[in-house]
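Hi there,

Here is the structure I promised to pass on to you. Have a look at it first, and then read on for what turned up.

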Amino acid sequence: MKKLFTNDKFFLAMVLCAVVCELAYALCNITLGDYAVQSQLVLLFRILCVLVLYSSYKKHSKNVMKGMMGSLLAAQLITAVLLLPEIYVPIDKVCGPLFALLSALLFISHYLINSEHHSSPAWVRFNQILVLLLFLNNAVWAVVWLILDPVPIHIVLGIADIIGFLGMVAVVVCIESRLDAYRLDREAAGWTEEKGYPEGYVHEYEKKDNK
């Protein structure tokens with residue numbers, strides 16, 4: 001999975017999925033009045049975080065990236081917690097708590113990864129697995145609801161939300177996978193917290209900029 005999450009084309013595709021699909025989903029829900037405006041405002045905030053996250057990645061602003069990832073995951077966790085009381089059908093009793101649990105684990109592991117300057121390939125792989133589990137859980141949840149409520153507009157919006165949610169959680173792990181790859185590269189070159197970068201070390205983004 002490392003090659004997938006460190007692929008620039010995949011990263012851009014996930015950003016586009018998150019922004020286009022979730023923006024359409026949020027705006028349609030606000031217009032149609034199907035969901036509380038507050039929950040859609042949280043979703044719009046998450047979309048803004050994705051945009052800033054991608055922009056900061058292109059500008060190599062690591063501190064902004066880390067802050068935006070934390071904000072995005074915190075907003076997702078808030079959304080998951082707010083959904084817990086909304087139990088209408090049996091599937092809500094399973095997928096709702098699972099969504100909250102997986103979102104909490106992703107939020108916590110993000111801070112564990114960024115709590116030190118050394119690489120954390122095991123934690124990054126754990127996050128990659130969490131993303132897949134989150135996607136599967138929310139996809140199953142959405143599909144069951146679409147079966148129970150097969151209104152054409154709801155089907156379109158449901159599919160958009162499935163694709164958009166995948167993009168939204170994947171962008172975080174794409175960034176984390178890249179940052180960890182950079183850490184592994186500098187450690188292989190001899191970097192330590194005490195000594196810093198070895199003489200003549202070329203950062204990964206400088207290599208790309210020179211291509």
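Helix α5 holds 24 residues, and its first and last C-alpha atoms lie 35 Å apart, close to the 34 Å expected at 1.5 Å a residue. Please keep in mind that this is a predicted model. A dozen or so names are worth marking in your viewer, since the buried residues of α5 are I91, D92, C95, G96, F99, A100, L102, S103, L106, S109, H110 and I113.

On one side of the story is α4, which covers residues 62–83. Its 22 residues should span 32 Å at 1.5 Å a residue, and the end C-alpha atoms are indeed 32 Å apart. Buried in α4 are M65, M69, G70, L72, L73, A75, Q76, L77, T79 and A80.

How do α4 and α5 meet? Their axes come within 9 Å and cross at roughly 160 degrees. An angle over 145 degrees counts as roughly antiparallel, so that is how α4 and α5 run relative to each other. The crossing of α4 past α5 is left-handed. From α4, the residues taking part are K66, M69, G70, L73, A74, Q76, L77, A80 and L83, and they meet F99, A100, S103, A104, L106, F107, H110 and Y111 of α5. By class, this contact divides into 12 nonpolar, four polar and one charged residues. Several names come up again here: M69, G70, L73, Q76, L77 and A80 are among the buried residues of α4, while F99, A100, S103, L106 and H110 are among those of α5.

The other pairing to look at is α5 (residues 90–113) with α6 (residues 121–148), which pack at an angle of about 160 degrees with their axes 9 Å apart. These two helices are therefore roughly antiparallel as well, and α5 passes α6 in a left-handed crossing. The contact of α5 with α6 has 18 nonpolar residues, along with seven polar and one charged.

Two residues of α6 help to show what this packing looks like up close. The first I would pick is N137, which lies in α6. Is N137 buried or exposed? Its relative accessible area is 6%, and the cut-off for buried is under 20%, so N137 counts as buried. Setting aside neighbours within four places in sequence, N137 is in contact with C95, L98 and F99. Of these, C95 and F99 are listed among the buried residues of α5.

The other is W141, also found in α6. W141 has a relative accessibility of 11% and is therefore buried too. Not counting residues up to four places away in sequence, W141 touches L83, I91, D92, C95, G96 and F99. L83 is a residue of α4 that also takes part in the contact with α5, and I91, D92, C95, G96 and F99 are among the buried residues of α5. If you would like a distance to check, the C-alpha atoms of W141 and V94 are separated by 8.9 Å, although these residues are 47 apart along the chain.

Finally, the overall picture. The protein has eight helices and zero strands, so to speak a plain α-α-α-α-α-α-α-α pattern along the sequence. Of its 211 residues, 41% count as buried. Among contacts between residues at least 6 apart in sequence, 73% join residues at least 24 apart.

Happy exploring, and do write back with any questions.

Best wishes

Definitions and conventions. Residues are numbered from 1 along each chain as its sequence is written. This is a predicted model: local features need pLDDT of at least 70, side-chain atom pairs count only at pLDDT 80 or more; totals for chains, interfaces and linings use all residues. Side-chain values use heavy atoms; hydrogens and water are left out. Axes are lines fitted to C-alpha atoms, for helices over the stretch in contact, and angles run from 0 to 180 degrees between N-to-C directions. Helices (H or I, at least four residues) and strands (E, at least two) are DSSP runs, numbered from the N terminus. Angles under 35 degrees count as roughly parallel, over 145 as roughly antiparallel, 65 to 115 as roughly perpendicular and the rest as oblique. A crossing is left-handed if the near helix is turned anticlockwise from the far one by less than a right angle, and right-handed if clockwise. Ala, Val, Leu, Ile, Met, Phe, Trp, Tyr, Cys and Pro count as nonpolar, Asp, Glu, Lys and Arg as charged, and the others, Gly among them, as polar. The expected span of a helix is 1.5 Å times one less than its number of residues. Buried means under 20% relative accessible area, exposed over 50%, partly exposed in between (1.4 Å probe, protein chains only). Contact means heavy atoms within 4.5 Å.
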